[in-house]
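Me: I have a structure open here and would like to talk through how its parts pack together. Could you go through it with me?

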4 protein chains.
Amino acid sequence: MSSNTSFFGDLLGSIAERGRALLERSSRVSGATKAATLVERCEELLSGKGEASGVALATDILDRYGRMKTGERIAFFEALAQTFGVDRARLAAAIEAYGRTESDAAAAELHAASEPRRLELFRRFNMAQGATLSLVRMRENLMDALVHRRDLSAVDRDFGHLFSTWFNRGFLVLRRIDWATPANVLEKIIRYEAVHEIRDWNDLRARVDSPDRHCYAFFHPALVDEPLIFVEVALEKEIPGAIAPILDQQRQHLDPAKATTAVFYSISNCQRGLSGVSFGNFLIKQVVEEISRELPNLTTFVTLSPAPAFGKWLEAERASGSSAVLSAADLETLKLLDDPEWPQKDEARDTITPVLQATAAYYFLVARSAKGRPLDPVARFHLGNGARLERINAMGDLSAKGIAQAAGLMVNYRYVLTDIEKNHEAFLGKGDVVASSAVKKLLRGEHSARALVPAS
Amino acid sequence: MSSNTSFFGDLLGSIAERGRALLERSSRVSGATKAATLVERCEELLSGKGEASGVALATDILDRYGRMKTGERIAFFEALAQTFGVDRARLAAAIEAYGRTESDAAAAELHAASEPRRLELFRRFNMAQGATLSLVRMRENLMDALVHRRDLSAVDRDFGHLFSTWFNRGFLVLRRIDWATPANVLEKIIRYEAVHEIRDWNDLRARVDSPDRHCYAFFHPALVDEPLIFVEVALEKEIPGAIAPILDQQRQHLDPAKATTAVFYSISNCQRGLSGVSFGNFLIKQVVEEISRELPNLTTFVTLSPAPAFGKWLEAERASGSSAVLSAADLETLKLLDDPEWPQKDEARDTITPVLQATAAYYFLVARSAKGRPLDPVARFHLGNGARLERINAMGDLSAKGIAQAAGLMVNYRYVLTDIEKNHEAFLGKGDVVASSAVKKLLRGEHSARALVPAS
Amino acid sequence: MSSNTSFFGDLLGSIAERGRALLERSSRVSGATKAATLVERCEELLSGKGEASGVALATDILDRYGRMKTGERIAFFEALAQTFGVDRARLAAAIEAYGRTESDAAAAELHAASEPRRLELFRRFNMAQGATLSLVRMRENLMDALVHRRDLSAVDRDFGHLFSTWFNRGFLVLRRIDWATPANVLEKIIRYEAVHEIRDWNDLRARVDSPDRHCYAFFHPALVDEPLIFVEVALEKEIPGAIAPILDQQRQHLDPAKATTAVFYSISNCQRGLSGVSFGNFLIKQVVEEISRELPNLTTFVTLSPAPAFGKWLEAERASGSSAVLSAADLETLKLLDDPEWPQKDEARDTITPVLQATAAYYFLVARSAKGRPLDPVARFHLGNGARLERINAMGDLSAKGIAQAAGLMVNYRYVLTDIEKNHEAFLGKGDVVASSAVKKLLRGEHSARALVPAS
Amino acid sequence: MSSNTSFFGDLLGSIAERGRALLERSSRVSGATKAATLVERCEELLSGKGEASGVALATDILDRYGRMKTGERIAFFEALAQTFGVDRARLAAAIEAYGRTESDAAAAELHAASEPRRLELFRRFNMAQGATLSLVRMRENLMDALVHRRDLSAVDRDFGHLFSTWFNRGFLVLRRIDWATPANVLEKIIRYEAVHEIRDWNDLRARVDSPDRHCYAFFHPALVDEPLIFVEVALEKEIPGAIAPILDQQRQHLDPAKATTAVFYSISNCQRGLSGVSFGNFLIKQVVEEISRELPNLTTFVTLSPAPAFGKWLEAERASGSSAVLSAADLETLKLLDDPEWPQKDEARDTITPVLQATAAYYFLVARSAKGRPLDPVARFHLGNGARLERINAMGDLSAKGIAQAAGLMVNYRYVLTDIEKNHEAFLGKGDVVASSAVKKLLRGEHSARALVPAS
């Protein structure tokens, strides 16, 4: 693969260079500003000229874009939003025609006419060598700009739509990441790890270079050295309740043949520019299959997951004055959390634990957003994938980040292959949070009386 | 690549198997007919269920489809056309909303609402292992059905649209085809060669296993062993006028370092199911670059091409009674063509040659279709790519096929990199056929007086 | 691998070219004959000059050799035998020194002094690109010459010794051969098949491109596209007694999951120049392991083997007048073999079968060469590897070749992994032919009374 | 490659396991000590048993060896030296026979008889998976023992002899080392760098991941992830005189297209166990070819090398009281070196420089060892390869190591392809040190009067 790609890359580079030479001449004539020139080039690329010299034109455009400053790029995004939007005249005509016949052909023309011109532009950009990655990076720039420029969101939507098609699951390739992986890929694993920071190469090595640690990533053939998403897996003898022993570089290694439990303890998306394209669901399920084929003795597949919205929610409950879940005694107990030293104090931890567990059970099982959905984004992800809430671990992550985010709380979601579809439908169809009886037992009083979904 | 893909393939197979087991049970319950069951599965795949068990569902659907007979498949295509077309209600609402605001968001919803549901269905099919190839083959089945069922053409259009996006030029990989290429790929080169038949493995070897013969193909990462298009190249010392010496297995080999001319003597598309996705233009230009980097002594890049519509046109002219190009003397001369032995007779060939040349010059340079375009499809392809008509060879292909198709005529189109854009624009913009002066000189009388485009 | 090798090859080519340019000049000065020049170059290569310009010199020498005619090559072999033999003076001194001290150091010097100079020469030849293959081919030329020139056999012995070290089992790589194997390798499988001819590409495909047929070869990293030895395997439900059904292109394919028996029906060495280096033993055992890991349902590993010396031996027995095994009745029966049509006659086959079986049992179990070894070379190979003689098949190969070689007889040798060592020791230590009781029962009269080795 | 190797590895592992199971049983019976058991196994491996179960036996032996402690290993080395030495009786007979006939055959038997039995043993060890690396490591253990046990040196010599044949230059593969190289290989580059320490991954990256820095290594196919030797190359605009700017992570990068000079600033052997097998000469020359093909603008190929024996020699001269090169004034000047701060003092550096240069010129050009060879091992290596001494740099390496080793001195050796053979012969034949006129001019007084070799 790599040798073909590289050959291919060199070659396209060479086509592009010749093309650029031709283009440079005319560019000196033009006195227009950078963004205007870029727009002009884009028009050429959409015109017939793009058919003859498409590779050169696309390369030139992406090169120019690459050298632009932020302001110039925003000007270009504005042009994408306005100049390369829908052809209004064509659309009006198509609506009118559809109104007359309502035929399939008229509907098809309506679909074509309502496609923003920038979509074809993006597809033609992709003729240039390395363009797919450039487009992913371009969208990252756009997302930065979006914060203040909501008017550009239509462009962002189009990127998302195009990438969903290009990064279709059928084109993804799963690769094991280990110590024989090229350094330029491993470097990105270090950089993109979003859940439990990888501090340096030794830390990385502890996660990928021992038989009881696996790591897998999805790749796309057009982004050779760029992982899209990766998951880190620890092989254990039981479901773990805390992250520190897993990350400990000095831990005792386990013979994989003796492991019964695969723990997905970190899942990180790598490409912000691919936001909205979902990979995680597919990745987890494929890794479950892959790893259970290699190690047939594995019977349990769980995550060890953060509860990223729990900390803020808990603070709000404590401050609200009318919490539906926290009793006066709970509130008193939770004052212990205000002492920054509490994680180091045995008694404090012991006192806090049952309150946190009960409160967290309420947070996951009962509390709902305005839209009626669970409050926790990680919960929504795994429950939506068909996992069930298996266990609540009060003292799961006592790092500064873990305390700040969730008062140290972590949870396990469990994937049972034969229940996935059922769980998924229960969650999406009826909003049920499927949970183990252990979790449900943590609910107190009236909440536990609610008819909660049984887990098989 | 291959090892990952294969691993990947195995794995998906395994996911699918387990999924299938689950599905089988429910399938026994259903008593519906095959096509109806398939439609039902497709609805599931489009529903939330598809998110949880997408790979298994998609695999099941493609397996079922694969076992269907022609009639059942057509029933399925009908469902694709009708059941999985545009959501009319949503579209009507979107039109109405757009009418009110004409906002970008309303236009975007209009675009989404006018997308036939089958497009999302196709994208979800692609979760299954090997689905991309299955979908290409599905479209081939559809194209067979289209002959009698024009009502299915909307489905075909959607396939074409999707494949254009998936098989975007940026995802194609050029690979050299030679004697070290895997046999399962070479076998397809034999099978797909559409211009000059490859009779057997020895014939193939003569085309790919000598230093003065090259062959290149485009591949897509999801179709590992399936070439999409390939081109065969002969290295020569001059522009050739006939195909037989090139194909001759006993020919004298030429030291590539002494070659000046690369002759593209055969270009074949391999996947009928990818019809409408254009690869040829890109392939030729990339091969020109590739081969001139490897052999910097090459200065001339030409094709040796058939003229597939010339034979029929010539017969029509001869029969018309009012040909604008054939004089009475010409008609008399061309009666020689009615003797099946003419290609073996020196005198006949000599007599026919000048008449054929002049007539062919008219056919290419002057004659136009009702839409004002050149009559020859191969001419339209190369001229549209920016090549120029370099030479007309009266006795280029005296095989039975060559005689039948074009009275033995072949032509050379020449690619001059620096003229490609200019030629392309002249052809597409003004309909000019750029030709060498040698070709233009072949025109007689009033035709040559026409202002013809000069070639640089 | 291949890309590095190729890069590597190109590079060495380039070093060599520059070196050659330097060498050419001096070569014009020299007026010596070709062989003399070659010898001179070889002396340079052995001298200090070879250290500075070794790659160029070695390349030049192998190029010159490559262009030589047979007579010139034999002259060169003579020089290898005489000029590049042992340094007699150094050897005499080393013997004398050893006589004095008998020290390890003196023994080491004796070993070094008794090494023919050509061995170091061969090792230095190997600096040139592709030299390993050139040396294998050079030995083939030498073997041709040996027929009439036994005085060159010392050179041949040295080649054999060197190749044993270079082609040590630890450097061999097993590769599956199938329809995705490069054509230039498959072509060699066709060419090198020595047991049951592969007629053409379709015949090859029947042997490597169906799930119930496997093929494996050993390769050496320095001979990228050259198999060293390969074995063809048929998956069956029982031990087969005839070759024709296995080779039948129209046969019914068997689902590998239903196979119980792996049949090694053809083993071919590919490189005559590596004669004396044994690969077969290792290949069979590694393939047994490989294939039983992939298909755990396989329980039986047998060959279907020719008996290449049986035909001649049988004729001699028939002609001898005093056969120890053939009775008068047998002799009468065997006259049927003199009718060339016998294989087509049911009755003849039925009559001959029991006589052939009993005679063959004697041939394998009782008859011995002057050295006391079994007469059949294939038997010696498999029994030496630790297999046992499992079955005698009277009508195993009724092709012309099979009839000529062994009156149609074939045998099965069976590999039982746990018995291999025991069988091997019985055969090599005591000369016992381990056979199944079925085979032993075929022996008649006094022969069966002999204490024959029981098979477990 | 990797997939085959791995497959191969797994397989051999599996053969070995089964074999081991068989062997274990008998091992419990034996009550012998570990080393004795190992010797017993080795005898079995050399016997016929080794032919049937060689892979299992060899694997068992190397496993046992791997678990041994130092003392046990030395006992095993003693057995290798004594029990597996030459077969004295056979040797005596061979000497006697040779004395009678002096025939080629007798000489061949003498050669065979004088081969220590351990050589065949080592070759059979190599049947086990990964054995080649194990043998290299075994020799490292032996080299450690040699310090006190010179009686084992014969075993070491045999390892060296065998490895020279196995690691013949024709089997080495050159690979570029860069940031896309697998981490397990890069880690070894960090570990094995012997000249200028690589401190961490960032330091490594500065040396392999910028366009003006290249790194190449030789590999052997049987040692997949183990570089044998590597060289680091800096692309520069002129011949550099100091190492610090080259290693500076903050340096300005140079566009390779503007470089004229390739500087080999570090060459490190990686495998102590392959000591005596020369790779450096081949590596430098192949990299010169490789890099000049890629960058045709490069005209100059030089090293920037340490002078590892200069420091000690200089101290001895200063202490001798009768130095042939140091005048009283020189001795006075060089007292500055006794101030540890001198490298930081401008004036001291300026004062010392000319004296160091002149003294170093004498050290390289005039001074000789008892055997008449230059004193500096790095000089002997490069001059022996055909390089010339190009420049002496007084302040080349002011690091603590550089000061300690050579008072900060570094030198450039230059490789001019067309002079390599001439230089090599001058050096090896006549002992001439070929040097640039600049270096020769540094010599003072009577030394410069000596007839020194001119450099072209």
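Reply: What follows goes from domains to a chain contact and then to two helix pairs, and it should be kept in mind throughout that this is a predicted model.

Me: Which domains does the assignment give for chain A?

Reply: The domain assignment splits chain A into domain 1 (2-166), domain 2 (169-303) and domain 3 (306-450).

Me: And how far apart are the C-alpha centres of domain 2 and domain 3 of chain A?

Reply: Those centres are 25 Å apart, and the contact draws on 19 residues from domain 2 of chain A and 19 residues from domain 3 of chain A. About 1500 Å² is buried between domain 2 of chain A and domain 3 of chain A, with carbon and sulfur atoms giving 57% of that area.

Me: Which three residues supply the most on the domain 2 side?

Reply: They are A:Ile239, A:Lys285 and A:Thr303, which supply 31% of the area that domain 2 of chain A buries against domain 3 of chain A, more than any other three residues there.

Me: Switching to chains, what area is buried between chain A and chain D?

Reply: The area is about 860 Å², of which carbon and sulfur atoms give 60%, and the contact takes 10 residues from chain A and 10 residues from chain D. On the chain A side, A:Trp179, A:Ala183 and A:Trp201 supply 50% of the area buried against chain D, more than any other three residues.

Me: Now helices. At what angle do helix 2 and helix 4 of chain A pack?

Reply: Helix 2 (residues 34-46) and helix 4 (residues 70-82) of chain A pack at about 40°, and their axes are 9 Å apart. That angle is why helix 2 of chain A counts as oblique to helix 4 of chain A, and helix 2 of chain A passes helix 4 of chain A in a right-handed crossing.

Me: Which residues meet there?

Reply: From helix 2 of chain A come A:Lys34, A:Ala35, A:Leu38, A:Val39 and A:Cys42, which meet A:Glu72, A:Ala75, A:Phe76 and A:Ala79 in helix 4 of chain A. The residues of this contact divide into 7 nonpolar, no polar and 2 charged.

Me: What about helix 8 and helix 9 of chain A, what is their angle?

Reply: Helix 8 (residues 131-146) and helix 9 (residues 153-166) of chain A pack at about 150°, with their axes 10 Å apart, so helix 8 of chain A is roughly antiparallel to helix 9 of chain A. The crossing of helix 8 of chain A with helix 9 of chain A is left-handed, and the residues of their contact divide into 10 nonpolar, 3 polar and 2 charged.

Notes:
Residues numbered from 1 in each chain as written. Chains lettered and ligands numbered in written order. Predicted model: local features only at pLDDT ≥ 70, side-chain atom pairs only at ≥ 80, totals over all residues. Heavy atoms only, no water. Axes fitted to C-alpha atoms, helices over the stretch in contact; angles between N-to-C directions. Helix = DSSP H or I, 4+ residues; strand = E, 2+ residues; numbered from the N terminus. Parallel < 35°, antiparallel > 145°, perpendicular 65-115°, else oblique. Left-handed = near helix turned anticlockwise from the far one by under 90°. Contact = heavy atoms within 4.5 Å. Nonpolar A, V, L, I, M, F, W, Y, C, P; charged D, E, K, R; others polar. Domains from an automatic or database assignment. Buried area = accessible area lost by both parts, 1.4 Å probe.
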